[in-house]
Amino acid sequence: MKDVYFSIKENIEACPGTYQMVLMGDTSEITAPGQFINIKLDGLFLRRPMSICDYDEGSLTIVYRVVGEGTEMMSKMTEGDGFYALVGLGNGFDLEAIPKGAVMVGGGAGAMPMYALLKELIERDNHEKDETQNPSTTNTSDTTVVDINANTNPGAYKLIIGFNSESDIFFMKEFEALGIEVIPATLDGSMGVKGTVVDAMKMLGQGEKLPYVCACGPDPMIEAVHKWAEDGQYDLSARMGCGFGACVGCTIETNSGPKRVCKEGPIFKQEDIIW
């Protein structure tokens with residue numbers, strides 16, 4: 001964990017009330033998709049936890065909806081503005097446990113951690129394929145750059161993403177550029193499957209539970225998704241005080257005892273979750 005100053009490179013309204021912010025700064029504490037940052041805003045006592053949509057060596061992207069005083073302040077920030085944020089918080093997705101063919105499920109802006117997760121999974125699969133085809137080849141670089149246009153397993157993963165209406169949809173092209181199948185679900189039926197992400201899951205599984213799911217979104221959605229999956233990992237949310245486990249304010253009961261969403265989570269496995 002590190003308290004890092006980030007400067008804003010971009011802060012655009014992706015769709016009404018939802019913003020995409022690109023931040024420049026030290027991201028070395030981020031070790032896995034699914035982790036989050038905790039933003040300090042002038043004049044506000046508590047920091048604002050934000051999921052990470054994408055990151056590289058010197059930048060990260062967050063997507064947020066304007067729902068209160070903090071996010072309202074953020075929406076008015078422009079290029080060159082900045083703030084401090086705690087980086088490297090939480091326990092991210094366990095990539096080794098996610099099989100090829102897993103289905104990602106997300107709700108609106110809450111789906112954005114799926115982008116970094118899918119990039120990592122595609123990188124993993126491409127690396128495994130390269131090692132199989134070229135066992136004598138070694139990578140001498142300290143870092144690996146993902147070429148999102150070089151997905152050697154197109155269609156290996158699917159993303160179900162839910163919105164209220166077609167007018168609320170954003171980031172679809174970015175997901176599709178990863179070479180995955182994107183299945184939108186809208187409550188009014190204006191695009192994709194009519195209904196919720198669970199309706200799309202039932203359609204995809206032909207009425208049966210899906211074998212493995214990774215999900216991000218509001219907790220009522222996560223609860224419904226959890227019931228229609230045999231196995232998976234889930235990004236849970238909770239009101240947080242400190243964001244790094246000291247105040248225990250975000251503690252929830254799990255099948256393996258009390259767990260702090262900000263520390264042992266926010267990613268929890270299928271068997272641990274109690275509703």
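Thr251 in strand E14 has Arg260 as its bridge partner in strand E15, where strands are DSSP runs of E with at least two residues and helices are runs of H or I with at least four, both numbered from the N terminus. Four bridges join E14 (residues 251-254) to E15 (residues 257-260), and the two run antiparallel; two strands count as paired if DSSP finds at least two bridges between them. E14 and E15 form a hairpin, with two residues between them. The model is a predicted one, in which local features need pLDDT of at least 70 and side-chain atom pairs count only at pLDDT 80 or more, while totals for chains, interfaces and linings use all residues. Residues are numbered from 1 along each chain as its sequence is written, and side-chain values use heavy atoms, with hydrogens and water left out.

On either side of this hairpin in the sequence there are loops with backbone features of their own. In the loop between E13 and E14 lies Val248, which has a positive phi of about 55° although it is not a glycine. Val248 counts as partly exposed, at 47% relative accessibility; buried means under 20% relative accessible area, exposed means over 50%, and partly exposed lies in between, using a 1.4 Å probe and protein chains only. In the loop between E15 and E16 is Pro266, and the peptide bond leading to Pro266 from Gly265 is cis, with omega near 10°.

E16 belongs to an open sheet of seven strands, with the order E11-E10-E9-E8-E12-E13-E16 and mixed pairing. Strand E11 (193-194) and strand E16 (267-269) stand at the edges, and each has a single partner strand, so one side of each is left without a neighbour in the sheet. E16 pairs with strand E13 (residues 232-235) in the antiparallel sense over three bridges, and Gln233 stands opposite Lys269 in E16.

Also in this sheet is E8, which runs parallel to E9 and is joined to it by five bridges, with Val103 opposite Lys158 in E9. E8 also pairs with E12 in the parallel sense, over four bridges, and the bridge partner of Gly106 in E12 is Cys216. Five of the five residues of strand E8 (residues 103-107) are buried, so E8 is largely enclosed by the rest of the structure. In a regular strand the side chains alternate between the two faces of the sheet. Both faces of E8 are covered, with Val103, Val105 and Gly107 buried on one side and Met104 and Gly106 buried on the other.

From Met104 the reader can move on to the packing of side chains. Met104 and Phe175 touch the most other members of the largest nonpolar core, which has 34 residues; such a core is a set of buried Ala, Val, Leu, Ile, Met, Phe, Trp, Tyr and Cys residues joined through side-chain atoms within 4.5 Å. Helix H2 (113-133), strand E9 (158-163), helix H3 (172-176) and strand E12 (213-216) are the elements that give two or more residues to this core, and the largest share, six residues, comes from H2. A second, separate core of 28 residues includes Val103, Ala185, Ala200 and Leu236. In the loop between E9 and H3 is Phe171, which is buried with a relative accessible area of 8% and has a positive phi of about 70° although it is not a glycine.

A further open sheet of seven strands has antiparallel pairing and the order E4-E3-E7-E1-E2-E6-E5. E4 and strand E5 (54-55) are at its edges, each with a single partner strand, so one side of each is left without a neighbour in the sheet. Within this sheet, seven bridges join strand E2 (residues 18-24) to E6, and these two run antiparallel, with Gln20 opposite Val63 in E6.

E4 also leads to the largest pocket, since it gives the most to the lining of that pocket, with four residues. A pocket here is an open set of points on a 1 Å grid over the protein atoms alone, where a 1.4 Å probe fits, with protein on both sides within 12 Å along at least five of seven lines, and its lining residues have an atom within 4 Å of a point. The largest pocket has a volume of about 1,500 Å³, a volume being the space filled by probe spheres set on the points. Its lining consists of 48 residues, of which Pro49, Val67, Gly110, Pro218 and Ser237 lie nearest its centre. Pro49 is found in strand E4 and is partly exposed, with a relative accessible area of 35%.
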